[in-house]
Amino acid sequence: MKLVSVAIAATLLTFASAQAETNIAGKYSRAKPSRSDLVITPDGDQWKITLDGAGDPMPAGTAAADCHMEAKGSLKNGVLLAKVIPFTGDENSVEAGDLQTGEHVFIVKFDGSGAHVTKEDVSFCGEGSDLLGLYKKQP
């Protein structure tokens, strides 16, 4: 009986984990230190992330430039490792040649409170850009 209970618990845990991994698509927002949005969409067997962030408030009424970034990657155990992909945006653009050197990745960790951007590449954005932090899923 104990073995059956363990097997059922393991099955439910696996199911819950799979459900969480398939429910990450959607729009997420961050309010502080500045407003930023994270959109996650399925792209084949990968996930595409699009981040749009307002420049962080800085002293003397100045602000960093707005930033737009796009990346694509795989989700494993609640962590999305996404590599920056070429795109053309209003605030900035990235060409394939720009990605030849260096590590251009975003890491997004998911839990019950939302999506945590824990690693970013804003090297193609204006100085002072910051997309790190907790993004809450929007209805």
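1. Strand β8 (residues 105–111) pairs with β9 in the antiparallel sense over five bridges, where two strands count as paired if DSSP finds at least two bridges between them, and where strands are DSSP runs (E, at least two residues) numbered from the N terminus. Within this pairing, Phe110 stands opposite Ala115 in β9.

2. A word on the basis of these statements: this is a predicted model, in which local features need pLDDT of at least 70 and side-chain atom pairs count only at pLDDT 80 or more, while totals for chains, interfaces and linings use all residues. Residues are numbered from 1 along each chain as its sequence is written, and side-chain values use heavy atoms, with hydrogens and water left out.

3. Eight strands close into a barrel, with antiparallel pairing, in the order β1-β2-β3-β4-β5-β8-β9-β10.

4. The largest nonpolar core (buried Ala, Val, Leu, Ile, Met, Phe, Trp, Tyr and Cys residues joined through side-chain atoms within 4.5 Å) has 27 residues, of which Leu38, Ile49, Met69, Phe106 and Phe110 touch the most other members. At least two residues of this core come from each of β2 (36–43), β3 (46–53), β4, β5 (79–84), β8 and β9, and β4 gives the most, with four residues.

5. The structure holds one disulfide, that is, a pair of cysteine sulfur atoms within 2.5 Å, and this disulfide joins Cys67 to Cys125 with an S to S distance of 1.7 Å. The pair links distant parts of the chain, 58 residues apart, since Cys67 lies in strand β4 (residues 67–76) and Cys125 in the loop between β9 (114–119) and β10 (133–137). Both Cys67 and Cys125 are buried, meaning under 20% relative accessible area (1.4 Å probe, protein chains only).

Terms used:
Buried means under 20% relative accessible area, exposed over 50%, partly exposed in between (1.4 Å probe, protein chains only).
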